[in-house]
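The exercises below ask you to work through a protein model step by step. Look at the sequence and the structure first, and then compare your own reasoning with each solution.

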Amino acid sequence: MDCLFCSIVNGDIPSKKIYEDDAVYAFYDIDPQAPFHAIIIPKTHISSANEINSENSFLIARVFEAAAKIAKENNLDSGYRIVNNCGNDGGQTVGHIHFHLLARRNLQWPPG
């Protein structure tokens with residue numbers, strides 16, 4: 001399988017790590033859309049939100065547990081946004097489920 005994020009998890013492609021545990025890896029986005037922009041992924045390959053099922057959904061819970069830890073460790077007390085894009089029309093550009101954690105600026109809704 002030729003997956004950018006699996007290659008990052010395996011150490012084949014360098015990244016600036018923010019957080020890692022046995023199930024989750026997080027790193028700084030190379031094209032940040034906010035002053036703080038992390039990418040959080042399960043280490044196990046899941047193609048997109050469409051592939052979440054009863055056998056792997058615990059990994060998504062682990063992603064959100066990691067997000068809370070990252071927010072605390074980086075003093076994101078004034079808030080943050082977590083975004084997941086699914087499929088081409090949803091803006092997903094890497095075929096490995098991932099979550100953007102954006103912070104340190106006022107994030108308007110709807111996004112512009």
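A salt bridge is a side-chain nitrogen of Lys or Arg within 4 Å of a carboxyl oxygen of Asp or Glu. With that cut-off in mind, note that D21, D22, R62 and E65 are linked in a network of salt bridges. Please keep in mind throughout that this is a predicted model.

**Exercise 1. Describe the overall fold of the protein chain, and decide how its radius of gyration compares with the globule rule.**

Step 1. Begin with the secondary structure: the protein chain holds two helices and five strands, and when the sequence is read from its start these elements follow the order α-β-β-β-α-β-β.

Step 2. Turn next to the radius of gyration, which is 14 Å for the protein chain and thus close to the 13 Å that the globule rule gives for 112 residues, so the chain is as compact as a globular protein of that length.

Step 3. Add the dimensions, since the C-alpha trace spans about 35 × 30 × 25 Å along its principal axes.

Step 4. Consider how the chain packs: 42% of the 112 residues count as buried, and of the contacts between residues at least 6 apart in sequence, 54% join residues at least 24 apart.

**Exercise 2. Characterise the surface and the charges of the protein chain: what share of the accessible surface belongs to carbon and sulfur atoms, and how far apart are the mean positions of the positive and negative charges?**

Step 1. The accessible surface comes to about 6700 Å², and carbon and sulfur atoms account for 48% of this area.

Step 2. The chain carries 9 positive and 13 negative charges, and the mean positions of these two groups lie 10 Å apart.

Step 3. Side chains of opposite charge can pair when their charged atoms come close. In this structure there are five salt bridges, and the next two exercises examine some of them.

**Exercise 3. Which parts of the chain does the salt bridge between K43 and E20 link?**

Step 1. Check the distance, for the closest N and O atoms of K43 and E20 are 2.9 Å apart, while the cut-off for a salt bridge is 4 Å.

Step 2. Locate both residues: K43 belongs to the loop between β3 (36-42) and α2 (57-73), whereas E20 belongs to strand β1 (residues 17-20), and the pair, 23 residues apart, links distant parts of the chain.

Step 3. Compare their surroundings, noting that K43 is partly exposed at 23% relative accessibility and that E20 is also partly exposed, with a relative accessible area of 37%.

**Exercise 4. Examine the salt bridges of R62 with D21 and with D22: are these two aspartates buried or exposed?**

Step 1. R62 meets D21 in a salt bridge with an N to O distance of 3.4 Å, and this pair joins helix α2 to the loop between β1 and β2 (24-28) across 41 residues of sequence.

Step 2. R62 also meets D22, here with an N to O distance of 2.5 Å. Because D22 lies in the loop between β1 and β2 and R62 in helix α2, the pair ties together parts that are 40 residues apart in sequence.

Step 3. Assign the exposure of each residue: D21 counts as buried at 17% relative accessibility, because buried means under 20%, whereas D22 counts as exposed at 63%. R62 itself is partly exposed, with a relative accessible area of 23%.

Technical notes. Residues are numbered from 1 along each chain as its sequence is written. This is a predicted model: local features need pLDDT of at least 70, side-chain atom pairs count only at pLDDT 80 or more; totals for chains, interfaces and linings use all residues. Side-chain values use heavy atoms; hydrogens and water are left out. Helices (H or I, at least four residues) and strands (E, at least two) are DSSP runs, numbered from the N terminus. The radius of gyration is taken over C-alpha atoms; the globule rule is 2.2 Å times the number of residues to the power 0.38. Buried means under 20% relative accessible area, exposed over 50%, partly exposed in between (1.4 Å probe, protein chains only). Contact means heavy atoms within 4.5 Å. Accessible areas come from the Shrake-Rupley method with a 1.4 Å probe; for residues, only the protein chains shown count as cover. Lys and Arg count as positive and Asp and Glu as negative; His and the chain ends are not counted. The place of a charge is taken as NZ of Lys, CZ of Arg, CG of Asp or CD of Glu.
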